[in-house]
Amino acid sequence: MIAGFLARPTWLHPVPAGTKLIALFVLSFAILPVEDWRLLAPALAVTLALYASLGREALLRLSGFRPLVFILAIIFLVHGLMGDWQLGAGAVLRLLVMILLADMVSMTTTLQDMMQALMPLLRVLRPLGVNPKKLSLAVSLAIGFVPVFSAQWQARAEAWRARTGKKPSLRLIGPFLADTLRMADNVAESLDARGFARKGGRG
């Protein structure tokens, strides 16, 4: 899971949580269909520049991503063994961009601010028996699981390619979103089991 809040203020801290979350989701879904490493390399360079602009303390957090190096290496090697090193490079670069963008949001946005930004959107689910406060916390926490979501997308994309022989289709976004919501729901159930609903009230 991605590390926690960055205590030292940066230029990104004052940006409203809603703005950052919208930008994160838009940019993440925009690069999902992109496979050309020549397009993703500049995107990673820009992302790293933005990350570095948050200061030395932010850069030190990069060491926390070391466990991902092994996963990224496997993804690259699998593509290489299948005869498509360029596609493997694209997959690795895409994952790195998504992970760094998510970390930039999580380390400059408090959990409470994320919850407040998400609450208005999730209140529409109240008639379905959903606790907006609990779900907003679950989604906020789930942002830290971006590497997991990225791996899920990669697995679906590889399965699609193996089954059809074609590049991943935008039709994969629906099942991917379903998996993401299921994970958020599992987080919510875990929180409920730990008494969050009783402590947080009805939201």
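**Group meeting: a walk around helix α5**

Let's start with one residue: T108 counts as buried, because its relative accessibility is 2%, and the cut-off for buried is under 20%. Keep in mind that this is a predicted model. T108 lies in helix α5, which runs over residues 85–108. So who touches it? Setting aside neighbours within four places in sequence, T108 is in contact with F5, T10, L12, H13, K20 and L54.

Okay, let me zoom out for a second. The protein chain has 203 residues, and 43% of them count as buried. It holds 10 helices and 0 strands, so if you read along the sequence, you just get α after α. Among contacts between residues at least 6 apart in sequence, 73% join residues at least 24 apart. As for the outside, the accessible surface comes to about 11,200 Å², and 68% of that belongs to carbon and sulfur atoms.

Back to α5. How many of its 24 residues are buried? The count is 20, so the helix is mostly covered. The length works out too: at 1.5 Å a residue, the 24 residues of α5 should span 34 Å, and the end C-alpha atoms are 35 Å apart, which agrees.

Another α5 residue I'd like to show you is V92. V92 counts as buried, because its relative accessibility is 14%. Leaving out neighbours within four places in sequence, V92 is in contact with L72, I75 and F76. Take I75: it sits 17 residues from V92 along the chain, yet their C-alpha atoms are separated by 7.1 Å.

F76 comes up again, by the way. The structure holds 1 aromatic pair, and the partners are F76 and W85, tilted, with 5.1 Å centre to centre and 50° between the planes. Both rings belong to partly exposed residues: F76 gets that label because its relative accessibility is 29%, and W85 because its relative accessible area is 43%.

While we're in that part of the chain, have a look at the surface. F70, I71, I74, V78 and M82 form a nonpolar patch there, with about 500 Å² of accessible area together. One of them, V78, is in helix α4, residues 66–81. V78 counts as partly exposed because its relative accessibility is 40%.

Now the charges. How many salt bridges do we count? The count comes to 3.

The one that ties back to α5 is R61 with D103, where the closest N and O atoms are 2.7 Å apart. That pair links distant parts of the chain: R61 is in the loop between α3 and α4, D103 is in helix α5, and they are 42 residues apart. Buried or exposed, R61 and D103? R61 is buried, and so is D103.

Next is R8 with E57, with the closest N and O atoms 3.9 Å apart. This pair also links distant parts of the chain, with R8 in the segment before α1 and E57 in helix α3, 49 residues apart. R8 counts as partly exposed, because its relative accessibility is 37%, and E57 is partly exposed with a relative accessible area of 35%.

And then there's D36 with R38, whose side chains meet at 3.1 Å, N to O. Here D36 is partly exposed, with a relative accessible area of 27%, whereas R38 counts as exposed because it reaches 54% relative accessibility.

That's my tour. Happy to go back to any residue on the screen.

Definitions and conventions
Residues numbered from 1 in each chain as written. Predicted model: local features only at pLDDT ≥ 70, side-chain atom pairs only at ≥ 80, totals over all residues. Heavy atoms only, no water. Patch = residues over 30% accessible without salt bridge, like charges linked within 9 Å, V, L, I, M, F, W, Y side chains within 5 Å. Areas by Shrake-Rupley, 256 points an atom, 1.4 Å probe, with all protein chains shown as cover. Salt bridge = Lys/Arg side-chain N within 4 Å of Asp/Glu carboxyl O. Helix = DSSP H or I, 4+ residues; strand = E, 2+ residues; numbered from the N terminus. Buried < 20%, exposed > 50% of the residue type's maximum accessible area, 1.4 Å probe, protein only. Phe/Tyr/Trp six-rings, centres within 6.5 Å; stacked < 30°, edge-to-face > 60°. Contact = heavy atoms within 4.5 Å. Expected span 1.5 Å × (residues − 1).
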